[in-house]
Amino acid sequence: MSLPDPDCWLSPSARVGRSPIEGHGLFAVAPIPHGTVISRFGGRLVTDAELRQLFAEASTAGVYVDTLSIDADLNLVLPADVPHHAGNHSCEPNTWWADPCTVIARHDIGRGEELTLDYATITDDPDFAMLCRCRSASCRGHVTGRDWQLRDLQAAYGKHWVPILRQRIAGS
Ligand SMILES: [Zn+2]
């Protein structure tokens with residue numbers, strides 16, 4: 001796998017705004033056709049042990065570590081102060097993964113729509129859990145690092161998972 005860029009990229013068609021789901025979110029400021037690249041994630045790669053250390057330091061310092069699983073024992077830690085931190089989860093997301101660090105539109109997205117990703121497709125951390133208030137018809141109520149094992153999600157998202165989860169699903 002090629003190394004991720006040190007920085008993140010966000011389409012000029014996306015912007016941070018107040019979200020009805022949670023705090024701030026990313027919103028389409030122009031129509032975004034199906035398949036369009038919306039964001040590229042970059043940062044630095046760390047092992048699971050390094051990530052646990054970062055989480056421990058961050059909770060002491062009161063800062064937020066934004067991360068996604070790339071491969072077995074390999075995680076991408078996003079730079080601080082990128083708009084990507086604002087991206088919210090939805091159980092019916094309108095964006096999904098095209099390759100390890102690239103997110104594209106899952107279908108045509110209208111101006112003003114919030115851009116969402118299913119966090120189940122991001123993490124293989126078995127300890128990850130959060131309540132969900134995404135209000136979609138298929139809202140799971142809570143999202144966990146084990147949701148990749150759900151057969152209906154595997155069917156709904158096809159190959160659009162981070163690589164480590166795609167491998168696990170193929171092997172399960
Ligand atoms: Zn939900």
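Among contacts in the protein chain between residues at least 6 apart in sequence, 66% join residues at least 24 apart. Here two residues are in contact if their C-beta atoms, placed from the backbone, lie within 7 Å.

Before going on, a word about the model. This is a predicted model, in which local features need pLDDT of at least 70 and side-chain atom pairs count only at pLDDT 80 or more, while totals for chains, interfaces and linings use all residues. Residues are numbered from 1 along each chain as its sequence is written.

**The whole chain**

The protein chain has three helices and 13 strands. These are DSSP runs, numbered from the N terminus: helices are H or I with at least four residues, and strands are E with at least two. The radius of gyration is 15 Å, close to the 16 Å that the globule rule gives for 172 residues, so the chain is as compact as a globular protein of that length. That radius is taken over C-alpha atoms, and the globule rule is 2.2 Å times the number of residues to the power 0.38. Along its principal axes, the C-alpha trace spans about 40 × 35 × 35 Å.

How many of the 172 residues count as buried? The share is 33%. A residue is buried if 20 or more other C-beta atoms lie within 10 Å of its own, exposed if 12 or fewer, and partly exposed in between, with C-beta atoms placed from the backbone.

**A four-strand sheet**

Strands of a sheet pair through backbone hydrogen bonds, either parallel or antiparallel. In this report, two strands pair if DSSP finds at least two bridges between them. One open sheet here has four strands in the order β2-β3-β11-β8, with mixed pairing. β2 and β8 (88–89) stand at the edges with a single partner strand each, so one side of each has no neighbour in the sheet.

Let's walk across it. β2 (residues 14–18) and β3 (residues 24–28) run antiparallel and are joined by five bridges. Their hairpin has five residues between the strands, and G23 there takes a positive phi near 50°. On the other pairing of β3, two bridges link it to β11 (residues 114–117) in the antiparallel sense. β8 and β11 also pair over two bridges, but in the parallel sense.

**A three-strand sheet**

Another open sheet has its three strands in the order β5-β7-β6, with antiparallel pairing. β5 (44–46) and β6 (67–71) are the edge strands, each pairing on one side only. From one strand to the next, the twist averages 35°, with axes being lines fitted to C-alpha atoms (for helices over the stretch in contact) and angles running from 0 to 180 degrees between N-to-C directions. Four bridges hold β6 against β7 (residues 74–77) in the antiparallel sense.

Here are some of the residues that face each other across the strands:

| Residue | Opposite residue | Strand of the opposite residue |
|---|---|---|
| R15 | F27 | β3 |
| F27 | E114 | β11 |
| H89 | L117 | β11 |
| D71 | L74 | β7 |

**The nonpolar core**

A nonpolar core is a set of buried Ala, Val, Leu, Ile, Met, Phe, Trp, Tyr and Cys residues joined through C-beta atoms within 7 Å. The largest one has 31 residues, of which A14, I38, F41, L68, L115, W161 and V162 touch the most other members. At least two residues of this core come from each of β3, β6, β9 (95–99), β10 (102–105), β11 and α3.

Take V162: leaving aside its neighbours within four places in sequence, V162 is in contact with L68, S69, I70, W97, P100, T121 and I122.

**Two helices**

Helix α1 (residues 48–61) is hardly covered, with one buried residue among its 14. Its end C-alpha atoms are 20 Å apart, which agrees with the 20 Å that 14 residues should span at 1.5 Å a residue; the expected span is 1.5 Å times one less than the number of residues. After α1 comes G62, with a positive phi near 70°.

Helix α3 (residues 163–171) holds R168. Is R168 buried or partly exposed? R168 counts as partly exposed because it has 15 C-beta neighbours inside 10 Å. Apart from neighbours within four places in sequence, R168 is in contact with D124 and W148. The C-alpha atoms of R168 and G25 are separated by 29 Å, and the two residues are 143 apart along the chain.
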